[in-house]
Amino acid sequence: MTQEKTGSKIAIYPGSFDPITNGHVDIIKRGSRIFDKIIVLVAYNPRKSFLFSVEERCQLIREIFKDCGCIQVDSHDGLLIDYLQKSGASTILRGMRALSDFEYEFQMALMNRRQTKNIETVFLMSGFRWFFTSSNIIKEVASLGGTVRGLVPDNVYQRLLEKYPNKNNRR
Ligand code: PNS
């Protein structure tokens, strides 16, 4: 079967990114070897409360990828599939860590495809080093004075120190 080529391959990488971690950065870098362009989308997750504002999260991600022309950053506060339709993309990129991610990711991928048939979600396995890294556990440890150096990009690390200025015992 031949498949018509419809132009450049764009993937939307949505997430809360509160804040972006080295695990996310790894997925974006590996994804950029597969896709021509990746839009990192700071999206709204009604199940979460946030430490960083949408603007702060976008700014941190832009700083990290300022030299990567194929990585764009955007935000969206509605349904993910509405953003995909607006941008003309049909691929969602997500990272998968431990088995515990599977049910949540499967549910979202099927629900998104139920809304719009031509949407596909592509998963990349988390890098081994980042298997147990999550934004939530990073925030928890940072808020209690533990060290998260090496788990997040340097700019994020600095911002976490600013968010929790008095928690400097193990840094
Ligand atoms: O990093 P997260 O919090 O696991 O990412 C979840 C996110 C933001 C991708 C998901 O909550 C989402 O798609 N939000 C946009 C609203 C939406 O479309 N919800 C229905 C998902 S099936």
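Trainee: What makes the pair formed by an oxygen atom of the ligand and an N or O atom in the side chain of Tyr 104 a polar contact?

Mentor: The two atoms are 2.9 Å apart, and a polar contact is a pair of N or O atoms within 3.5 Å, so the pair counts. This is a predicted model, in which local features need pLDDT of at least 70 and side-chain atom pairs count only at pLDDT 80 or more, while totals for chains, interfaces and linings use all residues. Residues are numbered from 1 along each chain as its sequence is written, and side-chain values use heavy atoms, without hydrogens and water.

Trainee: Which polar atoms of Asn 45 and Leu 80 lie by a ligand oxygen?

Mentor: For Asn 45 a side-chain atom, at 2.9 Å; for Leu 80 a backbone atom, at 2.8 Å. The protein covers 85% of the 540 Å² of accessible area that the ligand has on its own.

Trainee: Which element gives the largest share of the shell around the ligand?

Mentor: Helix 4, with four residues. Helix 4 (102-115) and strand 1 (10-15) are the elements that give two or more residues to this shell. By type, the shell holds eight nonpolar, five polar and two charged residues.

Trainee: Why is Lys 139 called buried?

Mentor: Its relative accessibility is 11%, and buried means under 20% relative accessible area (1.4 Å probe, protein chains only), so the term applies. Lys 139 belongs to helix 5 (residues 135-143).

Trainee: What does the side chain of Lys 139 contact?

Mentor: The side chain of Asp 18, in a polar contact of 2.7 Å.

Technical notes. A polar contact is a pair of N or O atoms within 3.5 Å; within protein, one must be able to donate a hydrogen and the other to accept it, and residues adjacent in sequence count only if both atoms are side-chain atoms. Accessible areas come from the Shrake-Rupley method with a 1.4 Å probe; for residues, only the protein chains shown count as cover. Ala, Val, Leu, Ile, Met, Phe, Trp, Tyr, Cys and Pro count as nonpolar, Asp, Glu, Lys and Arg as charged, and the others, Gly among them, as polar. Buried means under 20% relative accessible area, exposed over 50%, partly exposed in between (1.4 Å probe, protein chains only).
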